[in-house]
Amino acid sequence: MNSTHVRATINGQPTEFLCEPRHSLLEVLRDVLQLTGTKEGCNDGNCGACTVEMDGRIVPACLVLGVEAEGASILTIEGIAEGSALHEVQRAFLEGAALQCGVCTPGFIVASKALLDRNPDPTEGEIRLWLANNLCRCTGYDKIVRSVQSAACRMQQEIAT
Amino acid sequence: MHWVDYLRPRTLDECLRAFAEHGANARALAGGTDLLVQMRVGRRTNGVLVDMKAVPELTELRYDALEGLTLGAAVPCYRVYGDEKVRQTYPGLIDTVEMIGGTQIQGRASVGGNLCNSAPSADAVPALIALRATCRIASTAGWREVPVEDFCTAPGRNVLRETEILVSLRLPPPPEGFGACYLRFIPRNEMDIAVAGAGVSVKLADGVFEDGRVALASVAPTPLLVEEAGAALRGQRVGREAVARAAAAAKAAARPITDMRGTAAYRRNLCEVLTRRALERAVQRAGGTLG
């Protein structure tokens with residue numbers, strides 16, 4: 001059984017790893033690279049817990065093969081904060097209590113950040129539509145949506161000042 | 001998942017040779033949003049995955065006023081709705097690529113994959129039929145073209161032979177007075193499988209339906225082109241009566257089953273409502289009015 005050698009950029013770092021072609025990017029992140037911030041939920045693309053950014057698009061890491069990451073640039077939850085400074089979306093989730101068990105949270109944060117990168121001032125409807133591929137089974141969505149709105153608001157203020 | 005080998009051909013020729021060599025053991029991998037799930041649950045047991053995303057012909061998205069749209073079979077949904085020219089020219093296609101899965105799925109899933117997966121509920125397929133799309137199919141033995149309405153043969157099955165692949169879809173340029181629309185019904189707002197869906201197109205000239213096309217999702221073993229609905233429109237004055245007759249023809253042609261998503265009677269009723277509303281929208285997009 002041969003493993004494949006893959007080179008990718010993960011959270012800005014050139015990274016090399018070995019994986020079997022049947023292994024998902026999610027398995028590679030968690031089991032090979034020990035980046036366990038990305039969570040496994042449904043493992044079939046419905047829940048969004050394993051959301052990562054791949055070449056600028058959010059994707060379910062469970063539906064990407066590790067070998068498909070060759071040459072790609074991947075951003076995971078571990079790459080969202082800058083050092084010890086949390087991203088505004090992370091701060092807003094904490095302050096807005098937009099999480100309970102936390103399994104869905106990394107996926108929501110990666111997805112929300114990607115939304116605000118594209119659309120700094122989304123409407124509530126745009127937030128809910130963008131996050132329709134992310135499921136939360138404890139908090140409910142209102143606190144999550146409000147936290148994204150609050151992060152958007154603060155990021156806009158930062159730009160203005 | 002069982003052991004698989006992974007190939008990433010860089011040219012169409014290399015890709016076709018891989019399918020010629022591995023035959024039924026090979027499976028095309030585009031976005032993987034259906035395929036990887038099916039392999040994990042053991043529904044597919046192919047030993048060789050051929051990643052189509054490095055082949056230029058499979059990732060081409062090009063509009064030409066004479067030739068129309070060339071949509072590579074592995075182009076993900078987000079590229080289709082992110083293309084301003086395609087948005088303006090084919091709103092009936094945009095309807096579907098914006099509703100397949102959610103944002104993350106749209107980052108991977110392709111229209112060609114939606115077609116090749118050949119689910120009766122595939123949202124992209126009725127829209128493609130309404131838009132008169134054709135499939136460009138290739139193998140090492142050569143090329144052939146198949147209209148999308150003739151592509152699917154049964155749930156999960158289609159006309160592709162073991163050594164053939166879908167390279168691209170070709171959508172003709174919309175003529176003057178053309179409008180299209182796809183609508184589906186799901187009990188949630190997003191992220192669900194169509195209980196029923198209707199893809200339609202119209203061509204209007206001088207207040208008359210010069211042409212019309214209606215195709216349905218989730219109400220037969222394959223996506224269904226309803227010839228009788230098109231016939232009910234053709235030559236008729238643009239108005240609510242002709243639309244109602246086409247919608248009734250769609251209802252009559254539907255052959256749904258009862259399952260967890262809806263009863264057969266409910267689905268037949270949906271076909272009428274969705275066809276009517278989609279036609280109303282298509283007429284509007286064609287610049288017509290229903291009076």
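These legends go with a set of close-up views of a predicted model that includes chains A and B.

**View 1. Chain A as a whole.** Start with the parts list: chain A has 5 helices and 5 strands. Reading from the N terminus, the order is β-β-α-β-β-β-α-α-α-α. The radius of gyration comes out at 16 Å, close to the 15 Å that the globule rule gives for 161 residues, so chain A is as compact as a globular protein of that length. Its C-alpha trace spans about 50 × 35 × 25 Å along the principal axes. Buried residues account for 47% of the 161 residues in chain A. As for contacts in chain A with a separation of 6 or more, 59% of them link residues 24 or more positions apart.

**View 2. Helix α1 of chain A and what covers it.** This view is about α1(A), residues 25-32. Which of its residues are buried? They are A:Leu25, A:Leu26, A:Glu27, A:Val28 and A:Leu29, so a charged residue sits in the list with the nonpolar ones. The cover over the buried residues of α1(A) includes β2(A), residues 13-19. Just after the helix comes A:Gln34, with a positive phi of about 60°.

**View 3. The β3-β4 hairpin of chain A.** Here β3(A), residues 51-54, pairs with β4(A) in the antiparallel sense, over 4 bridges. To find your place in the ladder, look for A:Glu53, which stands opposite A:Ile58 in β4(A). The hairpin has 2 residues between the strands, and A:Asp55 takes a positive phi near 50°.

**View 4. Where chain A touches chain B.** The contact draws 21 residues from chain A and 22 residues from chain B. On the chain A side, β4 (57-60) and α4 (124-130) each supply at least two residues. What gives the most to that side? It is β4(A), with 4 residues. By type, the chain A side divides into 12 nonpolar, 5 polar and 4 charged residues.

**View 5. The parallel sheet of chain B.** Three strands make an open sheet in the order β1-β3-β2 (chain B), with parallel pairing. Both β1 (5-7) and β2 (26-29) of chain B stand at the edges with a single partner strand each, so one side of each is left without a neighbour in the sheet. From one strand to the next, the twist averages 25°. Between β1(B) and β3(B), residues 48-51, there are 3 bridges. In this pair, B:Asp5 stands opposite B:Val48. Helix α1 of chain B (residues 12-22) packs on the sheet and touches β1, β2 and β3 of chain B. The direction of this helix makes about 165° with that of β3(B).

**View 6. The antiparallel sheet of chain B.** This open sheet has 5 strands, ordered β4-β5-β10-β6-β7 (chain B), and its pairing is antiparallel. Why is one side of β4 (61-64) and of β7 (142-147) left without a neighbour in the sheet? Both stand at the edges, and each has a single partner strand. Neighbouring strands are turned by 20° against each other on average, direction ignored. At the β4(B) edge, 4 bridges join that strand to β5(B), residues 68-72, and the two run antiparallel. One spot to check is B:Arg62, whose bridge partner in β5(B) is B:Thr70.

**View 7. Inside the largest nonpolar core.** In soluble globular proteins, nonpolar side chains tend to be buried together. The largest nonpolar core here holds 148 residues. Which of them touch the most other members? Those are B:Leu216, B:Ala246 and B:Ala250. Leaving out residues up to four places away in sequence, B:Ala250 touches B:Ala198, B:Val214, B:Leu216, B:Val226, B:Ala229, B:Cys271, B:Glu272 and B:Thr275.

**View 8. B:Ala264 and its surroundings.** Look for B:Ala264 in helix α11 of chain B, which covers residues 264-285. Is B:Ala264 buried or partly exposed? With 14 C-beta neighbours inside 10 Å, it counts as partly exposed; buried would take 20 or more. Apart from neighbours within four places in sequence, B:Ala264 is in contact with B:Pro256, B:Ile257 and B:Thr258. B:Ala254 is 10 residues away along the chain, and its C-alpha atom is separated from that of B:Ala264 by 9.1 Å.

Note on methods
Residues are numbered from 1 along each chain as its sequence is written. Chains are lettered from A and ligands numbered from 1 in the order in which they are written. This is a predicted model: local features need pLDDT of at least 70, side-chain atom pairs count only at pLDDT 80 or more; totals for chains, interfaces and linings use all residues. Two residues are in contact if their C-beta atoms, placed from the backbone, lie within 7 Å. A residue is buried if 20 or more other C-beta atoms lie within 10 Å of its own, exposed if 12 or fewer, and partly exposed in between; C-beta atoms are placed from the backbone. A nonpolar core is a set of buried Ala, Val, Leu, Ile, Met, Phe, Trp, Tyr and Cys residues joined through C-beta atoms within 7 Å. Two strands pair if DSSP finds at least two bridges between them. Axes are lines fitted to C-alpha atoms, for helices over the stretch in contact, and angles run from 0 to 180 degrees between N-to-C directions. The radius of gyration is taken over C-alpha atoms; the globule rule is 2.2 Å times the number of residues to the power 0.38.
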